[in-house]
Amino acid sequence: MILSALSLVIASPVTLAGMLSLDLSTTCIHNRAEARRSLNQVNPGLGVEYQFTPDVGLSGGFYRNSFRRASVYALATWTPLHLALPAGLTARIGVAGGVVSGYSRVNPFAPFAAAALLAVRNPQGWGINLVAVPNIAASSGFVGLQLVAPL
């Protein structure tokens, strides 16, 4: 999946104007009740994303994770489903995959990240990202919220 997204980035026409945005990580809600009680639900952080095409982008940044440790991430995004919403809003739906640090107690051998992604934007580029990570084995998944500002 990651290699496919990266190959699309490489094959993207250079003539397409890219969009650079600032991502402010805010909070998450864990899927499992015990995780909501014991893990950190406030995850402040800062990142950037670059949209190469309407479907393909890259993002990276840092945040305070649910274990109260610093995490750094680099993700490729692929959002092939596009919806026109009321008030000029648009939604892109797809997946994100890449690497993330700071979770060595959960799975020290696999620092890979995979998530569903919903990106909602207004015509000026302001919006939100909802990132949904599934439950994996004993680890609780979550839905995280990022606020997005165009640069």
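Strands β1 (19–30) and β2 each supply at least two residues of a nonpolar patch. This patch lies on the surface of a predicted model and consists of L20, L22, L24, L46, V48, Y50, F62, V72, L147 and L151, with about 850 Å² of accessible area together. Patches comprise residues with over 30% relative accessible area and no salt bridge, nonpolar side chains (Val, Leu, Ile, Met, Phe, Trp, Tyr) being joined within 5 Å; a salt bridge is a side-chain nitrogen of Lys or Arg within 4 Å of a carboxyl oxygen of Asp or Glu. Areas follow the Shrake-Rupley method with a 1.4 Å probe.

Two residues are set out below.

| Residue | Strand | Relative accessible area |
|---|---|---|
| Q51 | β2 (residues 42–51) | 11%, buried |
| L147 | β8 (residues 142–150) | 38%, partly exposed |

Buried means under 20% relative accessible area, exposed over 50%, and partly exposed in between. A polar atom of the Q51 side chain lies 3.3 Å from the backbone oxygen of V56.

The protein has two helices and eight strands (DSSP runs of H or I, at least four residues, and of E, at least two). From the N terminus, the order is α-β-α-β-β-β-β-β-β-β. Of its 151 residues, 34% count as buried. The protein exposes about 8,500 Å², of which carbon and sulfur atoms supply 73%.

Residues are numbered from 1 along each chain as its sequence is written, and side-chain values use heavy atoms, without hydrogens and water. Local features need pLDDT of at least 70 and side-chain atom pairs count only at pLDDT 80 or more, whereas totals for chains, interfaces and linings use all residues.

Definitions and conventions
Buried < 20%, exposed > 50% of the residue type's maximum accessible area, 1.4 Å probe, protein only. Polar contact = N/O pair within 3.5 Å; in protein donor to acceptor, adjacent residues only side chain to side chain. Patch = residues over 30% accessible without salt bridge, like charges linked within 9 Å, V, L, I, M, F, W, Y side chains within 5 Å.
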